[in-house]
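Subject: Structure for your files

Hello,

Here is the structure we talked about passing on. Please keep it open while you read the notes beneath it.

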Amino acid sequence: MPEETNSIDYVMEKASGPHFSGLRLDGMLSSPPSSSTASPSHRSASASDSNAPKQPFVIGVSGGTASGKTTVCDMIIQQLHDHRVVLVNQDSFYRGLTAEESKRVHEYNFDHPDAFDTEQLLDCVQKMRSGHSYQVPIYDFKSHRRCSDSFRQVNASDVIILEGILVFHDQRVRNLMNMKIFVDTDADVRLARRIRRDTVERGRDINSVLEQYAKFVKPAFDDFVLPSKKYADVIIPRGGDNHVAIDLIVQHIHTKLGQHDLCKIYPNVHVIQSTFQIRGMHTLIRDKEISKHDFVFYSDRLIRLVVEHGLGHLPFTEKQVVTPTGSVYTGVDFCKKLCGVSIVRSGESMENALRACCKGIKIGKLLIHRDGDNGKQLIYEKLPKDISERHVLLLDPVLATGNKFLFTSNFAIVCFVLKSQVYVPIALLFFVLVG
Ligand SMILES: Nc1ncnc2c1ncn2[C@@H]1O[C@H](COP(=O)(O)OP(=O)(O)O)[C@@H](O)[C@H]1O
Ligand SMILES: Nc1ccn([C@@H]2O[C@H](COP(=O)(O)O)[C@@H](O)[C@H]2O)c(=O)n1
Ligand SMILES: [Mg+2]
């Protein structure tokens, strides 16, 4: 290569067009690469599954007032952990009282199905099931009205939990549910909890709570809530105290949601299990208001996780050490002879994390043209001379259309075939982390 064409600036200029590296999910799913190790039958079945729009799993949670519905939902959400879960309360769809009704609020039956705007609730669940977000009203139990100017935006999610005393009452709403749970708690316990909650949180006095309970809440429970128990798939006695039932429900939801689609198609893809820390970091870096400093800080933290995870896939040898107390500890020795190869330019953003994990590691570079520059895809390469003796960590954090990813895969496979090295597809790991 002539001197001027050897400079990185020059080659970057030549490789004009937006930088991309990696794979576009929809394209890949409809035509998986031939290098995939999945069997053809497995591949086609999974690919068609993945092409179908992914429907959220809708869970209805019903039960008498103060039975622990909200508590049970909170526990399920906590335990589902790595899935996106949203909670929609039927309470949000209470109709606001008119001025006339407000004057005689003690005569209003909040436990009758007509107290809710069920058409709007139905619209909400239907929209969310088909992947749309919804502006859910905000209801105030003290004024018995909806906030006129603010809503809670609820985004499309893997799991939608719909909770309320009468969510099983309307057949159309019921039919949208994949799973129906009834929280069954002793009536005396519920009344005691309701008195405490309504006096502490909902601005009521004991007399009005007892009066409302006897006049409306109990009769409506007998007429509408209890008869809807028969629609439940699961009945949870003792509500939130029933940890066994909640564990079983969470396990069932996990099974229903299944593995990440990519894992089903590509067995070499590893998904890093999400945590609330990871979700929190994703939330920050996706916020258009984030400062550059914070974006870099949290991206670095995420990248570090990917790099650590990738390193965990390298082979190891056993190693024994003597501890300060003189006992022998049998552990493992880090894999020797590593190098990184970053795909210019985005891959360079992963270099610091790799250097921080592996002191003094050699890092080479590849610049690949998306479509091929006059048929040539490899525009620039600078690789460690002894790369054939090293395990290669290919650094590529952004996955887009797939062309360059296929190229780098081939490159990695060449390394693998010629030198029997372990290829750790860090790019894929990262993709799954953000996916
Ligand atoms: N297992 C429990 N032990 C003690 N208090 C509970 C338990 N479950 C719920 N509570 C309390 O009882 C009240 C009603 O519970 P909540 O989950 O809001 O019921 P619901 O949503 O069915 O009306 C709340 O104040 C809550 O903190
Ligand atoms: N303005 C209102 C609206 C509703 N209620 C009562 O709330 C109960 C439903 O909520 P839970 O969390 O207990 O399921 C229902 O029994 C209504 O009586 C109210 O008091 N005031
Ligand atoms: Mg509740």
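The notes below go from the whole protein to its core and then to the two ligands.

Please bear in mind that this is a predicted model, so every value here is computed from predicted coordinates.

Overall

The protein has 435 residues, and 46% of them count as buried. Its secondary structure amounts to 17 helices and 14 strands. If you take the contacts between residues at least 6 apart in sequence, 73% of them join residues at least 24 apart. The exposed surface comes to about 23,000 Å², with 53% of that area supplied by carbon and sulfur atoms.

The core

The largest nonpolar core holds 35 residues. Within this core, Val88, Met128 and Leu162 touch the most other members. Two or more core residues come from each of β2 (85-89), α7 (118-129), β3 (134-140), β5 (159-163) and α10 (206-225). Helix α7 gives the largest share, five residues.

Leu162 is a convenient place to start looking. Leaving aside residues up to four places away in sequence, Leu162 touches Ile59, Gly60, Val61, Val88, Leu121, Val125, Val167, Val173 and Met177. Val88, another of the residues that touch the most core members, is thus on the contact list of Leu162.

Ligand 1

Around ligand 1 you will find Gly64, Ala66, Ser67, Gly68, Lys69, Thr70, Thr71, Glu163, Arg193, Arg197 and Asp241. Three polar approaches can be listed here. A polar side-chain atom of Thr71 is 2.5 Å from an oxygen atom of the ligand. Ser67 uses its backbone instead, with an N or O atom 3.2 Å from a ligand 1 oxygen. For Arg193, a polar side-chain atom lies 3.5 Å from a nitrogen atom of ligand 1. On its own, ligand 1 exposes 550 Å², of which the protein buries 72%.

Ligand 2

Ligand 2 has 17 residues around it, and those that come nearest are Thr65, Asp111, Tyr139, Arg194 and Arg197. Three arginines place polar side-chain atoms by its oxygen atoms: Arg194 at 2.7 Å, Arg197 at 2.8 Å and Arg204 at 2.9 Å. The accessible area of ligand 2 taken alone is 470 Å², and the protein covers 98% of it.

Which residue among those nearest to ligand 2 is also found around ligand 1? Arg197 is listed for ligand 1 and comes among the nearest to ligand 2.

Regards

Note on methods: Residues numbered from 1 in each chain as written. Chains lettered and ligands numbered in written order. Predicted model: local features only at pLDDT ≥ 70, side-chain atom pairs only at ≥ 80, totals over all residues. Heavy atoms only, no water. Core = buried A, V, L, I, M, F, W, Y, C linked by side-chain atoms within 4.5 Å. Buried < 20%, exposed > 50% of the residue type's maximum accessible area, 1.4 Å probe, protein only. Helix = DSSP H or I, 4+ residues; strand = E, 2+ residues; numbered from the N terminus. Contact = heavy atoms within 4.5 Å. Areas by Shrake-Rupley, 256 points an atom, 1.4 Å probe, with all protein chains shown as cover. Near = heavy atom within 4 Å. Polar contact = N/O pair within 3.5 Å; in protein donor to acceptor, adjacent residues only side chain to side chain.
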